[in-house]
Amino acid sequence: MREGETAALTCAGTARPKAVESCLAPSEKFFDDVTRKSEARFRALFDSNLVGIAFWDSSRDFITEANDAYLSIIGYTRAEFESGKISWRDLTPAGDPDFDETAPRDVYSSAVRIYEKEYCRRDGTRTPIVFGLAAPSDGRLEGLAFALDIREGRLDPHLLRSQKLESLSVLAGGIAHDFNNLLMGIIANVTLMMDDLPPDSPLEGLGENILAATEQAAHLTRQMLAFSGGGRVTLRPVELTKEVDGISTKIRSSIKKGIRLRFNLDPNLPRIHADAAQIHQLVMNLVQNADEAIETAGTVTISASVREVRPQNARVTLVVARLPPGRYALLEVSDSGIGMDEQTQAKIFDPFFTTRFIGRGLGLAAVAGIVRGHNGGIGVSSEPGKGSSFQVFFPLEQVMQSASG
Amino acid sequence: MADEMPAKPTYTVLLVDDNETILRALHNYLERKGFNLLEARDGEEALLIAECYPSIIHVLVTDLVMGRMNGGELIHRLVPLRPEMQVVIMSGYHDQIMVQHAITPLAPVLQKPFRPKKLLATIEEVLAKPESERTVAYLAQPLTTALQHAQASGA
């Protein structure tokens, strides 16, 4: 604690140099106004209870002031808080690195730190928080602590989800790139070896097997790149109906024989801004998903139409939190398959999530990445035993233009 | 198969990639197909080699994302110095390819991994292009404008 005080004093000494103050020499009224304004701003922040905020007296080591959000996190009522002195040690679980005596010194000698930790609540339970500390630079021996309740359900699941997706995207993009280089090395070297084989060598077939396997691996990395949102720079005016039509043969050959395939494509659909290759990938992935949901016989319907998204039903999507209201091209792939419960629906766009014994669980994750790359949205409606329907929304070309220009 | 190619001038290819395995293998492959090969591990090395090389370089085959100087900058610095040179781009990054595409729209792009046969076919294709469709014709706009264009169309 002694050391902590010294550090705080050093900090105070550098807080507001006299020379600067005299240079500015503001009028008293101006200074009052500024103070009042700054006080009002701070009050608004403090009372908003968006995050828990507390002040610490560093010399006597207890909380001097706390907002309601903070008290609710640590499980004290205001009366309890005001009648007793709460020390940071009361809140820090034993074994926490912060329990170490050096922790307060760090706080008062340096800038803000943000990390996840646990607080001990009054009733002895532990609660996860995101924690940050700041030392005010005005010379008071006071620390400022922020605590954000991150117990499940406290944060917007869409926010958590998009953060999780973002970090996974970066990872997937990086891995995909490295894999592409490695696969390139394999393909090029196998090709060289095969060029040296005498005609009709039995090794020729083995080489082809290697090449075929690397091509499957390359397909996987394309899925990973799509998931990571790569390729968003290719967006060009594309006719969705024409694109789906163009791969209808490929679609048909990718599904079980017992499945009836229906197309319901609006021939006058306005154009969308899209990457044709990624649209193909998206359709194929959705169709494959539909195919897998149907055991032997059933129907898969692919439709494309215009859909108006109104402000009140903007939250149609699991991938993008909100779609701006307006007209969209809606691509819908429905199947009469086994359907999904809500728990499954919540996870289907996670990479490596799969309900199959075989499979890699990247197909729908790639779809989600492609949708994000197209500033679109995706929604799912499904019930066990009643089939599933995936709706993908693409901004129409004119929507894009009016939004950007 | 390479032996069946009709007699034609030996073309020189400058191959640039920071991945040693790929560089070795593609170098080897193209050499067997009758090309004269120069190689570099990044854009700076490629520029240096191109400056020292006394005769024509027919095709630049370059990776995009590399250490000291990336493929995009290399293209922009080297093509004006060697207007006869054609460009073939290869990359493992999809978005990078697209940015590049906006800068040199006529340069074909091979997304890694690809079969070497495809590289051979692409090189033969660019060598057969008429003068007016050469890469240099599309470098008239400054790099910054091209990049802005690329970003604008991407955002």
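This passage describes the fold, packing and backbone geometry of a predicted model with chains A and B.

Residues are numbered from 1 along each chain as its sequence is written, and chains are lettered from A and ligands numbered from 1 in the order in which they are written. Because the model is predicted, local features are reported only at pLDDT of at least 70 and side-chain atom pairs only at pLDDT 80 or more, while totals for chains, interfaces and linings use all residues.

Chain A contains 15 helices and twelve strands, where helices (H or I, at least four residues) and strands (E, at least two) are DSSP runs numbered from the N terminus. Of its 405 residues, 31% are buried. A residue is classed as buried if 20 or more other C-beta atoms lie within 10 Å of its own, as exposed if there are 12 or fewer, and as partly exposed in between, with C-beta atoms placed from the backbone. Contacts are pairs of residues whose C-beta atoms, placed from the backbone, lie within 7 Å. In chain A, 68% of the contacts with a separation of 6 or more are between residues 24 or more positions apart.

The mean pLDDT (the predictor's confidence in each residue, from 0 to 100) of chain A is 77, and 73% of its residues reach 70 or more. Among the elements of this chain, the lowest mean, 39, belongs to helix H1 (residues 2-13) and the highest, 94, to strand S7 (residues 259-265). Residues 1-22 of chain A stay under 50 and have 22 contacts beyond four places in sequence in the model. Residues 102-106 of chain A also stay under 50, with six such contacts.

Five strands of chain A form an open sheet in the order S7-S9-S10-S12-S11, with mixed pairing; strands are taken to pair if DSSP finds at least two bridges between them. S7 and S11 of chain A are at the edges with a single partner strand each, so one side of each is left without a neighbour in the sheet. The average turn between neighbouring strands of this sheet is 20°, direction ignored. S11(A) runs antiparallel to strand S12 (residues 388-395) of chain A, and six bridges join the two. One of the bridge pairs places A:Gly377 opposite A:Phe393 in S12(A). Helix H12 (residues 276-293) of chain A packs on the sheet, where it touches S7, S9, S10 and S12 of chain A, and its direction makes about 35° with that of S10(A). Axes here are lines fitted to C-alpha atoms, for helices over the stretch in contact, and angles run from 0 to 180 degrees between N-to-C directions.

Helix H14 (residues 363-373) of chain A includes A:Gly373. This glycine is buried, with 24 other C-beta atoms within 10 Å. A:Gly373 and A:Ala274 are 99 residues apart in sequence, and their C-alpha atoms are 9.0 Å apart in space.

Most residues other than glycine have a negative phi, and most peptide bonds are trans. A:Asp200 has a positive phi of about 65° and lies in the loop between helices H8 (157-195) and H9 (203-227) of chain A. A:Asp200 is exposed, with 6 other C-beta atoms within 10 Å. A:Asn375 has a positive phi near 55° and is located in the loop between H14 and strand S11 (377-382) of chain A. A:Asn375 is partly exposed, with 19 other C-beta atoms within 10 Å. In chain B, the peptide bond from B:Lys112 to B:Pro113 is cis, with omega near 0°. B:Pro113 sits in the loop between S5 and helix H5 (116-127) of chain B.

Chain B has six helices and five strands, which follow the pattern β-α-β-α-β-α-β-α-β-α-α along the sequence. Buried residues account for 38% of its 155 residues. The open sheet of chain B has five strands in the order S2-S1-S3-S4-S5, with parallel pairing. Strands S2 (36-40) and S5 (109-111) of chain B are at the edges with a single partner strand each, so one side of each lacks a neighbour in the sheet. Strands S3 (residues 59-63) and S4 (residues 86-91) of chain B run parallel and are joined by five bridges. B:Asp63 has B:Met90 as its bridge partner in S4(B). Helix H1 (residues 20-32) of chain B packs on the sheet and touches S1 and S2 of chain B, its direction making about 165° with that of S2(B).

How values were computed: Two residues are in contact if their C-beta atoms, placed from the backbone, lie within 7 Å.
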